[in-house]
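Good morning, and thank you for joining this short presentation. Please have the sequence and the model in view as I speak.

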Amino acid sequence: MLRRSIAAAALMAVALLPLAAQADSAAIKKKLSETPANLWDLSLVRVESALASWAGGEGINTFVGTEADNIVMYVYEPAGKATKAECRKLIDRVKKAGGVDPKTGYADNPASDYAALLNFAQIDQFSVDESYAETADSMFRIDAVAGSGEGAVTCKGPLISTEVAYPTQ
(Lines give C-alpha, C1' and ligand atoms only; values in the text may rest on other atoms or scores of the structure.)
Protein backbone atom coordinates (compact mmCIF):
# COMPACT_ATOMS: atom_id res chain seq x y z
CA MET A 1 0.00 0.00 0.00
CA LEU A 2 2.77 2.41 0.94
CA ARG A 3 4.68 1.53 -2.25
CA ARG A 4 1.61 2.30 -4.38
CA SER A 5 1.14 5.67 -2.67
CA ILE A 6 4.77 6.60 -3.20
CA ALA A 7 4.64 5.45 -6.81
CA ALA A 8 1.41 7.39 -7.42
CA ALA A 9 2.91 10.54 -5.88
CA ALA A 10 6.06 10.20 -7.99
CA LEU A 11 4.01 9.66 -11.15
CA MET A 12 1.87 12.70 -10.35
CA ALA A 13 5.00 14.84 -9.75
CA VAL A 14 6.50 13.72 -13.07
CA ALA A 15 3.22 14.42 -14.86
CA LEU A 16 2.91 17.94 -13.39
CA LEU A 17 6.57 18.88 -13.87
CA PRO A 18 6.15 20.08 -17.47
CA LEU A 19 3.27 22.33 -16.40
CA ALA A 20 5.44 24.04 -13.81
CA ALA A 21 8.20 24.63 -16.35
CA GLN A 22 5.89 26.34 -18.85
CA ALA A 23 5.99 30.08 -18.25
CA ASP A 24 3.13 32.40 -18.97
CA SER A 25 5.05 35.39 -20.29
CA ALA A 26 1.91 37.51 -20.48
CA ALA A 27 1.24 36.87 -16.77
CA ILE A 28 4.82 37.80 -15.86
CA LYS A 29 4.68 40.99 -17.94
CA LYS A 30 1.27 41.89 -16.47
CA LYS A 31 2.48 41.43 -12.88
CA LEU A 32 5.67 43.43 -13.45
CA SER A 33 3.90 46.22 -15.31
CA GLU A 34 1.31 46.54 -12.52
CA THR A 35 4.05 47.12 -9.94
CA PRO A 36 5.09 50.75 -10.28
CA ALA A 37 8.68 51.82 -9.96
CA ASN A 38 9.37 55.02 -8.10
CA LEU A 39 11.98 57.74 -8.64
CA TRP A 40 14.24 56.18 -5.99
CA ASP A 41 14.25 52.92 -7.96
CA LEU A 42 14.98 54.83 -11.16
CA SER A 43 17.77 56.75 -9.43
CA LEU A 44 19.47 53.53 -8.36
CA VAL A 45 19.25 52.18 -11.91
CA ARG A 46 20.74 55.42 -13.24
CA VAL A 47 23.60 55.37 -10.72
CA GLU A 48 24.35 51.69 -11.36
CA SER A 49 24.41 52.21 -15.11
CA ALA A 50 26.63 55.29 -14.83
CA LEU A 51 29.01 53.61 -12.39
CA ALA A 52 29.42 50.60 -14.69
CA SER A 53 29.93 52.84 -17.70
CA TRP A 54 32.16 55.47 -16.12
CA ALA A 55 34.26 53.42 -13.69
CA GLY A 56 33.76 49.75 -14.58
CA GLY A 57 35.36 47.60 -17.23
CA GLU A 58 38.99 46.54 -17.59
CA GLY A 59 38.47 43.78 -15.01
CA ILE A 60 36.66 46.08 -12.60
CA ASN A 61 33.20 45.03 -11.45
CA THR A 62 30.67 47.51 -10.12
CA PHE A 63 27.23 47.46 -8.57
CA VAL A 64 25.08 49.70 -6.42
CA GLY A 65 23.24 49.02 -3.19
CA THR A 66 21.53 50.95 -0.44
CA GLU A 67 22.05 51.29 3.27
CA ALA A 68 19.34 53.28 5.07
CA ASP A 69 19.07 56.57 3.14
CA ASN A 70 22.45 56.15 1.47
CA ILE A 71 23.62 54.84 -1.88
CA VAL A 72 26.64 52.57 -1.74
CA MET A 73 28.72 52.25 -4.89
CA TYR A 74 30.69 49.02 -4.87
CA VAL A 75 33.79 48.54 -6.99
CA TYR A 76 35.77 45.30 -7.07
CA GLU A 77 38.94 44.39 -8.93
CA PRO A 78 39.58 40.67 -8.27
CA ALA A 79 42.75 40.56 -10.37
CA GLY A 80 44.13 43.77 -8.86
CA LYS A 81 46.97 43.98 -6.38
CA ALA A 82 45.75 43.39 -2.84
CA THR A 83 47.23 46.59 -1.42
CA LYS A 84 45.87 49.68 0.30
CA ALA A 85 47.23 51.81 -2.53
CA GLU A 86 45.34 49.76 -5.13
CA CYS A 87 42.16 49.92 -3.09
CA ARG A 88 42.54 53.70 -2.82
CA LYS A 89 43.00 53.86 -6.63
CA LEU A 90 39.64 52.17 -7.07
CA ILE A 91 37.95 54.77 -4.88
CA ASP A 92 39.75 57.56 -6.73
CA ARG A 93 38.63 56.07 -10.05
CA VAL A 94 34.97 56.22 -8.98
CA LYS A 95 35.39 59.79 -7.75
CA LYS A 96 37.13 61.02 -10.91
CA ALA A 97 34.51 59.34 -13.08
CA GLY A 98 31.79 61.30 -11.27
CA GLY A 99 33.51 64.68 -11.36
CA VAL A 100 35.04 64.64 -7.88
CA ASP A 101 38.68 65.55 -7.28
CA PRO A 102 40.13 62.78 -5.08
CA LYS A 103 42.89 65.08 -3.78
CA THR A 104 40.52 67.74 -2.42
CA GLY A 105 37.39 65.60 -1.95
CA TYR A 106 35.25 68.26 -3.65
CA ALA A 107 33.12 68.04 -6.76
CA ASP A 108 34.37 69.92 -9.83
CA ASN A 109 30.94 71.58 -10.10
CA PRO A 110 28.74 72.48 -7.17
CA ALA A 111 27.85 68.78 -7.07
CA SER A 112 29.04 65.53 -8.62
CA ASP A 113 27.75 63.92 -11.78
CA TYR A 114 26.33 61.17 -9.56
CA ALA A 115 24.14 63.71 -7.72
CA ALA A 116 22.80 64.88 -11.08
CA LEU A 117 21.41 61.37 -11.58
CA LEU A 118 19.02 62.04 -8.69
CA ASN A 119 17.52 65.06 -10.49
CA PHE A 120 14.08 64.78 -12.08
CA ALA A 121 12.05 67.46 -13.83
CA GLN A 122 8.96 66.68 -11.74
CA ILE A 123 10.75 67.45 -8.46
CA ASP A 124 11.02 70.99 -7.14
CA GLN A 125 14.44 70.45 -5.60
CA PHE A 126 14.36 73.64 -3.53
CA SER A 127 11.17 72.53 -1.79
CA VAL A 128 12.86 69.25 -0.81
CA ASP A 129 16.22 70.64 0.27
CA GLU A 130 17.75 74.08 -0.28
CA SER A 131 21.02 72.46 -1.37
CA TYR A 132 19.51 69.38 -3.04
CA ALA A 133 22.49 68.35 -5.19
CA GLU A 134 25.06 68.85 -2.43
CA THR A 135 22.89 66.88 0.00
CA ALA A 136 22.50 64.18 -2.64
CA ASP A 137 26.30 63.98 -2.83
CA SER A 138 26.44 63.33 0.91
CA MET A 139 24.28 60.24 0.38
CA PHE A 140 26.99 58.42 -1.64
CA ARG A 141 29.61 56.08 -0.20
CA ILE A 142 32.17 54.03 -2.09
CA ASP A 143 33.17 50.52 -0.97
CA ALA A 144 36.09 48.96 -2.81
CA VAL A 145 37.90 45.63 -2.82
CA ALA A 146 41.31 45.12 -4.40
CA GLY A 147 42.44 41.56 -4.97
CA SER A 148 40.59 38.41 -4.06
CA GLY A 149 40.56 35.72 -1.42
CA GLU A 150 41.85 36.09 2.11
CA GLY A 151 44.47 38.64 1.10
CA ALA A 152 42.01 41.06 -0.49
CA VAL A 153 42.06 44.62 0.80
CA THR A 154 38.83 46.50 1.44
CA CYS A 155 38.41 50.22 1.82
CA LYS A 156 35.55 52.68 1.94
CA GLY A 157 34.81 56.34 2.11
CA PRO A 158 32.28 59.04 1.35
CA LEU A 159 32.12 60.34 -2.22
CA ILE A 160 32.68 63.94 -1.11
CA SER A 161 35.68 63.62 1.16
CA THR A 162 39.34 62.66 1.17
CA GLU A 163 38.64 60.17 3.96
CA VAL A 164 39.31 56.50 3.23
CA ALA A 165 38.97 53.80 5.88
CA TYR A 166 40.47 50.31 5.71
CA PRO A 167 38.21 48.17 7.86
CA THR A 168 39.74 45.02 9.27
CA GLN A 169 38.16 41.74 8.33
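Leaving aside its neighbours within four places in sequence, which residues is D137 in contact with? The answer is A107, A111, S112, A115, L159 and I160. I should say at once that we are looking at a predicted model.

Let me stay with D137 for a moment. This residue lies in helix 7. D137 is buried, yet has no salt bridge. The nearest side chain of opposite charge belongs to K95, and that is 11 Å away. What D137 does have is a polar contact, at 2.4 Å, between its side chain and the side chain of S112. S112 also appears in the list of contacts that I gave at the start.

With that residue in mind, let us turn to the chain as a whole. The chain contains seven helices and four strands. Along the sequence, their order is α-α-α-β-β-α-α-α-α-β-β. Of the 169 residues in the chain, 34% are buried. If we take the contacts between residues at least 6 apart in sequence, 53% of them join residues at least 24 apart.

Next, the interior. In soluble globular proteins, nonpolar side chains tend to be buried together. In this model, the largest nonpolar core has 33 residues. V47, M73, V94, Y114, L118 and F140 have the most contacts inside this core. Two or more residues each are given by helix 3, strand 2 (70–77), helix 4 (84–97), helix 5 (113–116), helix 7 (132–138), strand 3 (140–146) and strand 4 (153–158). Helix 3 gives the largest share, five residues.

V47, one of the residues with the most contacts inside the core, offers a closer view. Setting aside neighbours within four places in sequence, V47 is in contact with V64, I71, M73, L117, L118 and F140.

S43 is placed in helix 3. Is S43 buried or exposed? Its relative accessible area is 4%, below the 20% cut-off, and S43 therefore counts as buried. Not counting residues up to four places away in sequence, S43 touches L117, L118 and F120. The C-alpha atoms of S43 and F120 are separated by 9.2 Å, although these residues are 77 apart along the chain. The side chain of S43 also reaches the backbone oxygen of L39, at 2.8 Å.

I now move to helix 4, and to a simple check of its length. At 1.5 Å a residue, its 14 residues should span 20 Å; the end C-alpha atoms are 20 Å apart, so the two values agree. Within this helix, the buried residues are E86, C87, L90, I91, D92, V94 and K95. They are covered by elements including helix 3, strand 2, helix 5, strand 3 and strand 4. Just after helix 4 comes G99, which takes a positive phi of about 80°.

Finally, a residue at the surface. E58 is found in the loop between helix 3 (39–55) and strand 1 (61–67). Why does E58 count as exposed? Its relative accessibility is 70%, and the cut-off for an exposed residue is over 50%, so E58 meets it. E58 and E77 are 19 residues apart along the chain, and their C-alpha atoms are separated by 8.9 Å.

To close, I would recall two residues: D137, which is buried without a salt bridge, and E58, which is exposed. Thank you for your attention.

Terms used. Residues are numbered from 1 along each chain as its sequence is written. Side-chain values use heavy atoms; hydrogens and water are left out. Buried means under 20% relative accessible area, exposed over 50%, partly exposed in between (1.4 Å probe, protein chains only). A nonpolar core is a set of buried Ala, Val, Leu, Ile, Met, Phe, Trp, Tyr and Cys residues joined through side-chain atoms within 4.5 Å. Contact means heavy atoms within 4.5 Å. Lys and Arg count as positive and Asp and Glu as negative; His and the chain ends are not counted. A salt bridge is a side-chain nitrogen of Lys or Arg within 4 Å of a carboxyl oxygen of Asp or Glu. A polar contact is a pair of N or O atoms within 3.5 Å; within protein, one must be able to donate a hydrogen and the other to accept it, and residues adjacent in sequence count only if both atoms are side-chain atoms. The expected span of a helix is 1.5 Å times one less than its number of residues.
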